[in-house]
There are 2 protein chains.
Amino acid sequence: MASIHDVARVAGVSASTVSNVLNGRHERMQAETKARVLRAIEELGYTPNALAQQFKSGRNRTIGLIVPSVANPFWGALAHRVERAATALGYKVLFCNAERDPQLETRYAETLLASGVRGVIFSSSPLSFDHLSHLTRRGLVVAAFDRRGHGAEEVVACSVSIDNELGGKLAGQHLVGLGHRRIGFISGPIKTSSRVGRLNGLRAAMAKAGLELDPDLVWQGAGIGGYGDTEGPELGRIGIRELLSRDDPPTAVVTINDMYAIGGYAGARDLGASIPGDISVVGFDDIDLAAVVHPALTTVRQPLAAMAETAVQALIRVLEGTNEGAEPHVSATPQLIVRASTAPPRDRTHPNNGAR
Amino acid sequence: MASIHDVARVAGVSASTVSNVLNGRHERMQAETKARVLRAIEELGYTPNALAQQFKSGRNRTIGLIVPSVANPFWGALAHRVERAATALGYKVLFCNAERDPQLETRYAETLLASGVRGVIFSSSPLSFDHLSHLTRRGLVVAAFDRRGHGAEEVVACSVSIDNELGGKLAGQHLVGLGHRRIGFISGPIKTSSRVGRLNGLRAAMAKAGLELDPDLVWQGAGIGGYGDTEGPELGRIGIRELLSRDDPPTAVVTINDMYAIGGYAGARDLGASIPGDISVVGFDDIDLAAVVHPALTTVRQPLAAMAETAVQALIRVLEGTNEGAEPHVSATPQLIVRASTAPPRDRTHPNNGAR
DNA sequence: GTGAAAGCGCTAACAC
DNA sequence: GTGTTAGCGCTTTCAC
């Protein structure tokens, strides 16, 4: 492949002149020289060796995005949005699947850092980022998606999330408003800040109505990988079956995301239970599929596109040192999208529910 | 960040000795020297600068994967499998979303090549790769997923696909065997080799039974992006509604993938048509969701994991020059998974179907 | 305005 | 066995 020297030779100039043209330092350059260089570049079909550029400059206009699992279209959509936002700023994106495994996360982050990627967005954030602190000390800049930074958190440079607690509240208020008193929660391990927040929000909404969230109705599936993303629908299916089989089953459930909810549909059908007749279901995310399944899913929407843009922009500002004084955390507002999977409980005088 | 020289200094050796340790050339090295080097590495928390390594060696053990859209979990699953296969061989993967847009594909391929990535897997292959020929001349190695290489195809180094025509045939035979005579086909633009193949297979299966595929029943949706991936479910929904509204509607449809099929479920419901009572549906891919939706989807499975592995291994063999004599194309066998979305047509003596 | 030269961190001949 | 040396392709002072 042609190098900068080939271009220089063909144009009859030196390599540094070519470099100057390439890097836009041609203000006070003779138009003629510049034209010759450009012609030579054209003629040779020359592209600068990006590797060499990065190597030399130390920067490489690439950010990393670590997602738990691209099997959930929500993360796929996020990846897409992040890529668009990054491209708009002249950055590229390296995607990695880390399955929420801290070890894998660390390994990927190390690899990225070693490849010259300084900024990485972690898209489903563990409760702690301690496992990354040795990398941030070496220059890694961490952006957290799906998490609210805690004050003392030195590891995370910026973060974006919906107010997960509010999201849980919205779901809870909606169900309580419909008359539900026994509400279940179906999730993978509740070990990420978003999961904890959503559960807390639900609990708070119920408390406000004088209801208690029965801990027996909080179902946590453990996937093969430990966090049950790939298996979301499968876990939702099992979870709802188990909850419906309890002595005193819930009349509604909130699931940790839409894929769990869709699996929940299957689980309810397995037992001959109808949605929303026998059980109401609220999801999280509002993936495209939520409007397509039957019954259309009531869910808490995350404003994904805006969040992705915010995260990318904040991260890049930090990388470029132009983030002075900016808020380290941006909170987006979730929105309840009411569709057809929620309705008043069928039997409000059921002995176990108690008379109103 | 610590460099190889820092390590050398601390260990009291030269940089090349450190390099030798790093690169496993320590067979006839004094155990003591090696130990000192390792201790120094440990002490400094040294990681080789991968950028510099790549830059120097020209190779970077990274491959690219260009997918049409991560909004379809099938591609997400593929990405995951590719990543696993690549990791097992010590390679990393750079993912890109190209929306099946040849221009975007070209741009990404250029970027990848400029970043030192020589091998790229194109995961949903256009009918022609001509737009990439200038890049292959500059050293890009193209692997095609989802496409059968044509003899004269010089651009593609290796390819993997299911036998799409056989896939279409399996779907067709199944439906014909159930007694269907009017079968529709729902797809985005039929401009990729896999889509053409599937349609041809369906047509062939029908022809074998003395049936003709009515061109009016071949529905091609055009998405915003032109290829309708992101909008798969939405297009499936519209497609089935349009086909069911024909004067002489089909009693079964084959959709280009499972996401279209799931959208088709919604479309049928929109019109009050039941599946499989009023219309049978066959998908393609067998994504996880296929078993979860109701009714469980009959579909043509692609053996994804094996295909991803094959593609990655073949590509890497070509990159490393150890592919002598290997078959440039590997064909995987699709498999019909019969579930609950297909059944005999309800009214086999319907006037429009003609008496049997 | 343009060119010469040094060097980023690493690898790989080739000395020793 | 280990060290010396010469670059990889580019950017960037700093002369001229």
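Visitor: Where does B:Pro295 lie in chain B?
Guide: Start with the bond before it: B:His294 and B:Pro295 are joined by a cis peptide bond with omega of about -5°. Helices (H or I, at least four residues) and strands (E, at least two) are DSSP runs here, numbered from the N terminus. On that count, B:Pro295 sits in the loop between strand 9 and strand 10 (298-301) of chain B.

Visitor: What pLDDT do local features need here?
Guide: Residues are numbered from 1 along each chain as its sequence is written, chains are lettered from A and ligands numbered from 1 in the order in which they are written, and side-chain values use heavy atoms, with hydrogens and water left out. This is a predicted model, where totals for chains, interfaces and linings use all residues, side-chain atom pairs count only at pLDDT 80 or more, and local features need pLDDT of at least 70.

Visitor: Which bond has an omega of about 5°?
Guide: Look in the loop between helix 11 (258-270) and strand 9 (280-285) of chain B, where B:Pro276 lies. The cis peptide bond there is the one joining B:Ile275 and B:Pro276.

Visitor: And what is phi of A:Asp286?
Guide: A:Asp286 is in chain A, in the loop between strand 9 (280-285) and strand 10 (298-301). Its phi is positive although the residue is not glycine, with a value near 65°.

Visitor: OK, on to the DNA. Which residues come nearest to DNA strand D?
Guide: A residue counts as near a strand if one of its heavy atoms lies within 4 Å of it. There are 24 residues around DNA strand D, and they divide into 8 nonpolar (Ala, Val, Leu, Ile, Met, Phe, Trp, Tyr, Cys and Pro), 4 charged (Asp, Glu, Lys and Arg) and 12 polar (the others, Gly among them). The nearest come from both chains: A:Ile4, B:Arg28, B:Met29, B:Thr33 and B:Lys56.

Visitor: Which side chain is 3.0 Å from a base nitrogen of DNA strand D?
Guide: The polar contacts (a pair of N or O atoms within 3.5 Å; within protein, one must be able to donate a hydrogen and the other to accept it, and residues adjacent in sequence count only if both atoms are side-chain atoms) reach phosphates as well as bases. A:Tyr46 puts a polar side-chain atom 2.7 Å from a phosphate oxygen, while B:Ser14 uses a polar backbone atom, 2.9 Å from a phosphate oxygen. The base nitrogen is matched with an N or O atom in the side chain of B:Lys56.

Visitor: Which helix gives the largest share of the surface near DNA strand D?
Guide: Chain B supplies two or more residues from each of helix 2 (15-22) and helix 4 (50-57), and chain A does so from helix 1 (4-11), helix 2 (15-22) and helix 4 (50-57). The largest share is 4 residues, from helix 4 of chain A.

Visitor: Which helix does that for DNA strand C?
Guide: Among the 24 residues surrounding DNA strand C, the closest are A:Thr17, A:Arg28, A:Thr33, A:Lys56 and B:Ile4. Helix 2 and helix 4 of chain A, along with helix 1 (4-11), helix 2 and helix 4 of chain B, each supply at least two residues. The largest share, 4 residues, is from helix 4 of chain B.

Visitor: How far is the side chain of A:Lys56 from a base nitrogen of DNA strand C?
Guide: Of this strand's atoms within 4 Å of the protein, 66% belong to sugar or phosphate and the rest to bases. On the phosphate side, an N or O atom in the side chain of B:Tyr46 is 2.6 Å from an oxygen, and a polar side-chain atom of B:Ser19 is 3.1 Å from one. For A:Lys56, a polar side-chain atom is at 3.2 Å from the base nitrogen.

Visitor: What relation links chain A and chain B?
Guide: The copies are superposed by least squares on the C-alpha atoms of residues with pLDDT of at least 70 in both. A rotation of 180° with 0.2 Å of shift along its axis puts chain A on chain B, with RMSD 0.3 Å. That is the relation of a two-fold axis.

Visitor: How far apart are the C-alpha centres of domain 2 and domain 3 of chain A?
Guide: The bounds, from an automatic or database domain assignment, are domain 1 (4-48), domain 2 (60-162 + 304-332) and domain 3 (165-297). The centres of domain 2 and domain 3 of chain A lie apart by 28 Å.
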